[in-house]
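User: I should like to learn how to read strand pairing, burial and ring contacts in a model. Could you take me through one?

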Amino acid sequence: MIRGGKSFVSAPPAFSNDAKRILICTGPTVSIFSTSTGLQISSLEGHTAAVTSVLVVPASSPASKVLCFCWTASLDGTIRYWDFLAPELMKTVEVKMPIYSMVIPSLLVQSDKDKENESPLFAYISVENSNVQQKKVNTLCGQIKKFNLTKSRMVGGVVLRETPQPEFLTVSPSGSYFGMHNKRTIHIWKVPRSDSDRAVAKKISLHHTKSVTVMAFHPTERIVAAGDKCGRILIWRDVGSQTFCSTSDKLVNGKLINNKEDRPGVRGDDEADCCSTWHWHPSQVNVLSFSSDGSYLYSGGREGVLVVWQLETGKKKFLPRIGSPLLYFTDSPDPTLSSISCADNHVHILKMPSMEILKSISGIKLPVSHPEINESLCSNFAFDYSAGLVALRAENYCVQLYSLLEDREVSEIQVCERNHQPVDEVTMGVTRVAISKDGSTVCTSDVKLPEDGIGSLVCLKFWESDTLNKNFSLSTIVYEPHRDAGVSSVAFHPSCRMAVSTSNGGDFKIWVSHDEIKKNGETVKNSGWMCHSVGSYKYALSLLYL
């Protein structure tokens, strides 16, 4: 049995120290891809449930960039340490609770290998308390806990926060802070400088009027950004000026800062100097990330546009027409490379700062969900047995050609014109797909859904490919191939260039290709498809398979 397809966007990816590899959580494994070719190199296998976090150990010096170690956390209740160059499992730590998110702040502040060996390593994990009976109303099932990775044990009695559900953790690039958002509140902890089992992380909270969906830390300053479900971005400056700072840090011109007035945008007793609001996104913000120098803020959401904000001025520029909601933005150690993960199961490698898409790592896309389009499960896919490809009807009115042998997308056919901004209303869709035995021709049927019962349109399209890279171009389009009836099935003849389509009206049509038609004395190949004959059988619904 050959299997293909996996989710590439269940968790944020991570870059290797030399930015030549990107590690992507794919179910219970971590798949490692080349950033230059977009092809899979190897994988980390050992977890028995979905991997939720992958953290690469940063290089402490330019010479150590060749070292390739990482930590992974999983819903199987284990944390594992890997040499992902080999690849080889180095260490397994039993937590015995499903881990939904993990950060290791001290990794980001280790200056050399000796210091890493001397100091204990602590992880902060978001887990599900399996001992709590979830059937009870208002039960707090999520917990933020501290775990000693060096001694492979939970720090006893330390529960930093309890939440209704396990929440995603965010760590600052400096490793000094980490936080989480829960409904309308952001919780931020300062990591102790000398972390130990007894060290207590100081905490503050920031509040908002709407549910917070994502947060990010500035790399050098005490600035926190957050996005909400309405598309707004909030930026708090000088966060934790009382709780996180020493007395000397609170002094400005010899005076102690303790003025709770004149703090524009700050709610109640929140510890921040000011809070400003930006609003461009029309819907929920999913992505927030500061640039490595802290000068810019990247944001994205359901509209499928990556926005780059200049932090000081609020000016912005865009990477539009991505065509799918954005989920994660990941910086790499190389300032010229970043990645964005999209809801259509694509991870795009970006060239910075131009934001040009260099490579795309593509998984199987989900089919469109609409009862009138998904009326027959048997039409969701077709096989090209000659090349080991499967043609899948996908969202955004396209057919995806996916290689089961190489487990990657080969090409894509954009069947209908599309709006690159995702919308809630489905106005059209691909209803049927068939592929010829030699894989050179694809036939699709698409329908424009009626508005108030009028205006529907059915199209039958034939697509021809080049033999090198399986890129298909439109050869023939037939409007209303069966008058007012929809296409119920399509099939190709196994040995010649002939196809048959059947309709919901009970008739069928045979289509032939004019591969060799002489025009002005010259032979024109792939000149198109035309109807050869029409038939019916007792005016009954027809389904045909060859």
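Analyst: The discussion below moves from strands to rings and then to a loop residue. This is a predicted model, in which local features need pLDDT of at least 70, side-chain atom pairs count only at pLDDT 80 or more, and totals for chains, interfaces and linings use all residues. Residues are numbered from 1 along each chain as its sequence is written, and side-chain values use heavy atoms, with hydrogens and water left out.

User: How many bridges pair E6 with E7, and in which sense?

Analyst: Strands of a sheet pair through backbone hydrogen bonds, either parallel or antiparallel. Strands (E, at least two residues) are DSSP runs, numbered from the N terminus, and two of them pair if DSSP finds at least two bridges between them. Here E6 and strand E7 (residues 78–83) are antiparallel, with five bridges. Strand E5 (residues 51–56) also pairs with E6 in the antiparallel sense, over five bridges. Among the individual partners, Val56 is bridged to Cys70 in E6, and Trp71 to Tyr81 in E7. Three residues lie between the strands of the E6 and E7 hairpin, where Gly77 takes a positive phi near 85 degrees.

User: Is strand E6 enclosed or open to its surroundings?

Analyst: Buried means under 20% relative accessible area, exposed over 50%, and partly exposed in between, using a 1.4 Å probe and protein chains only. Five of the six residues of E6 (residues 69–74) are buried, so the strand is largely enclosed by the rest of the structure. Trp71 is buried at 5% relative accessibility, and Tyr81 is buried at 17%.

User: How should one read the geometry of aromatic pairs, and how many are there by this rule?

Analyst: Rings of Phe, Tyr and Trp (its six-membered ring) pair if their centres lie within 6.5 Å; planes under 30 degrees apart count as stacked, over 60 as edge-to-face and the rest as tilted. The count by this rule is 15 aromatic pairs. For Trp71 and Tyr81, the ring centres are 4.6 Å apart and the planes stand at 40 degrees, so this pair is tilted. Because Trp71 lies in strand E6 and Tyr81 in strand E7, the pair ties together parts that are 10 residues apart in sequence. The rings of Phe381 and Phe383, with centres 5.6 Å apart and planes at 70 degrees, form an edge-to-face pair. Phe381 is partly exposed at 40% relative accessibility, as is Phe383 at 34%. Ring pairs also link Phe462, Phe492, Trp511 and Trp529 into a cluster.

User: What is the order of the strands in the open sheet?

Analyst: Four strands form this open sheet in the order E31-E32-E33-E34, with antiparallel pairing. Strand E31 (381–384) and strand E34 (408–414) are its edge strands, each pairing on one side only. From one strand to the next the twist averages 25 degrees, with axes taken as lines fitted to C-alpha atoms and angles running from 0 to 180 degrees between N-to-C directions. Strand E33 (residues 398–403) is joined to E34 by six bridges, and Tyr402 stands opposite Glu409 in E34.

User: Where does Ala485 lie?

Analyst: Ala485 occupies the loop between strand E38 (472–479) and strand E39 (487–492). The residue is buried, at 16% relative accessible area. Taking contact as heavy atoms within 4.5 Å, and leaving aside neighbours within four places in sequence, Ala485 touches Val458, Ser503, Asn504 and Gly505. Ala485 and Asp507 are 22 residues apart in sequence and 9.3 Å apart in space, C-alpha to C-alpha.
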